Amino acid sequence: MTRFEAPAEPIHTPDSPALEGLCDFLLERAGPTDLEGIWPADQLDACGKSGVFAWFMPTEWGGEAWSYPDIIRGYLRLSAACLTTTFIITQRTGACERIAGSDNEPLKREWLPKLTRGEVFATVGISHLTTSRRHLAEPVLKAEESGGEWKLRGFSPWVTGAAFADLIVTGATLEDGRQVLCAVPTARDGVEVAPPAKLLGLSSSFTGAVHFHDVAIGSQEMLAGPVEDVMSRGRGAGTGGLQTSTLALGLARAAVDYLEEERQRRDDLAEVFEGFRGTLDDAEADLLALARGQTVCTPAELRGRANSLVMRATQAALTAAKGTGYLIEHPVSRWCREALFFLVWSCPQPIAKAHLCELAGIAD
């Protein structure tokens, strides 16, 4: 495999030719990384050297503060090349946004410049406050005030790259139902990173549980709270949204591009390819319109379309690839497994129900 050569200038816009070179490198490494189940350290390093982490950061911390439409365009390109790397970046960015959106100025000064430069890695463990495990009677991660500090007890079930993280942004629930959000250094006593889960796809994201055994948190690590529904407060509030749809459409783009390559050799794929290309182009246009603030559809409607499209496009690519595509090392095989990710990650119940109705052939 080739070595990555850092561009002379960081990637300042999604139209930069250097983005193409970065995506070629990510694409080359995506298959071996998935097969070997290894952390994509080289890919993340290449993204850091290319200035990718600065896209999302405020200028006061050394970032470039890209516009939302430009960030979406960047994510589309990256996720078409390597979904695992791009997904990890979204979790990293989520942590950065929560820190940047807080009122904790000392914490910002300590972490944000280093995160912008790619010198450290942060991630989030917040699914238990949004979609995962909320149906349980008892919160899985609790906070208890003790002597002017907080003690975290329990676990966060889905944390990406925790074994490689320097900082985890997570939240916990108090006895009265209020919640806190905090940035926990992974070197803190009582933080235990469990072995990552073996997933159907994206196992190289090293996503799994992190346990907190009476972990002491002071005011210097607090980002928000205690308040009710802490995830709805401040910058970075909300989950899923356009980001998850963007990753789904990026993966769909990889499958449709494969169909285009196959069409050059097989006339019978022309109509199928044109159908998928038109559907994908329409979805991407609506995605960018939403990112610009235009009301062309709701984010939930787009998410449903993106989920459906990525499932159908990857399976169409598998059908076109025939038996070769069923080999584990074939990219189409990986794309089909990765597409299933969108059925379970930050997937609200209405969207899940719509997909079930589509599978059953009944109207929602």
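**Exercise 1. Determine which residues Glu284 touches, and place Glu284 in the chain.**

Step 1. Glu284 touches Leu76, Leu249 and Arg253, not counting residues up to four places away in sequence. Contact here means heavy atoms within 4.5 Å.

Step 2. The model is predicted: local features need pLDDT of at least 70, side-chain atom pairs count only at pLDDT 80 or more, and totals for chains, interfaces and linings use all residues. Residues are numbered from 1 along each chain as its sequence is written, and side-chain values use heavy atoms, with hydrogens and water left out.

Step 3. Glu284 belongs to helix α8 (residues 270–291). Helices (H or I, at least four residues) and strands (E, at least two) are DSSP runs, numbered from the N terminus.

Step 4. With a relative accessible area of 15%, Glu284 is buried. Buried means under 20% relative accessible area, exposed over 50%, and partly exposed in between (1.4 Å probe, protein chains only).

Step 5. Between Glu284 and Arg77 there are 12 Å from C-alpha to C-alpha, although the two are 207 residues apart along the chain.

**Exercise 2. Describe the overall build of the chain.**

Step 1. Count the elements: the chain has eleven helices and eight strands.

Step 2. Compare the radius of gyration with the globule rule. The radius of gyration is 21 Å, close to the 21 Å that the rule gives for 364 residues, so the chain is as compact as a globular protein of that length. The radius is taken over C-alpha atoms, and the rule is 2.2 Å times the number of residues to the power 0.38.

Step 3. Add the outer dimensions: along the principal axes, the C-alpha atoms fill a box of roughly 75 × 55 × 40 Å.

Step 4. Consider burial and contacts. Of the 364 residues, 52% count as buried. Among contacts between residues at least 6 apart in sequence, 70% join residues at least 24 apart.

Step 5. Consider the surface and the charges. The accessible surface comes to about 16,300 Å², and 52% of it belongs to carbon and sulfur atoms. The mean positions of the 34 positive and 48 negative charges are 1 Å apart. Accessible areas come from the Shrake-Rupley method with a 1.4 Å probe. Lys and Arg count as positive and Asp and Glu as negative, while His and the chain ends are not counted.

**Exercise 3. Work out the surroundings of Ser205.**

Step 1. Locate the residue: Ser205 sits in the loop between β6 (191–193) and β7 (207–217).

Step 2. Classify its accessibility. Ser205 counts as buried, at 1% relative accessibility.

Step 3. List the polar partners. The side chain of Ser205 reaches the backbone oxygen of Leu202 at 2.7 Å, and it makes a polar contact with the side chain of Thr207 at 2.8 Å. A polar contact is a pair of N or O atoms within 3.5 Å; within protein, one must be able to donate a hydrogen and the other to accept it, and residues adjacent in sequence count only if both atoms are side-chain atoms.

Step 4. List the residues touched beyond four places in sequence. Among them are Trp39, Phe87, Thr160 and Leu199.

**Exercise 4. Is Val193, in strand β6, buried or partly exposed, and which residues does Val193 touch?**

Step 1. Val193 lies in strand β6.

Step 2. Its relative accessible area is 33%, so Val193 is partly exposed.

Step 3. Residues up to four places away in sequence being left out, Val193 touches Ala162, Ala163, Ala209 and Val210.

Step 4. For Val193 and Ala209, the C-alpha separation is 6.5 Å and the sequence separation is 16 residues.

**Exercise 5. Examine Asp34 and Ala316, each in a helix.**

Step 1. Asp34 lies in helix α1 (residues 17–36) and is buried, with a relative accessible area of 16%.

Step 2. Neighbours within four places aside, Asp34 is in contact with Ser204, Arg334 and Arg337.

Step 3. Ala316 lies in helix α9 (residues 299–321) and is buried, with a relative accessible area of 17%.

Step 4. With neighbours within four places again left out, Ala316 is in contact with Leu259 and Phe276. Ala316 and Leu269 are 47 residues apart in sequence and 10.0 Å apart in space, C-alpha to C-alpha.

**Exercise 6. Characterise Ala65 and Asp214 by backbone angle and location.**

Step 1. Ala65 is not a glycine, yet its phi is positive, at about 50°. Ala65 lies in the loop between α2 (41–49) and α3 (68–81) and counts as partly exposed, at 42% relative accessibility.

Step 2. Asp214, not a glycine either, has a positive phi of about 50°. Asp214 is found in strand β7 and is partly exposed, with a relative accessible area of 39%.

Conventions. The place of a charge is taken as NZ of Lys, CZ of Arg, CG of Asp or CD of Glu.
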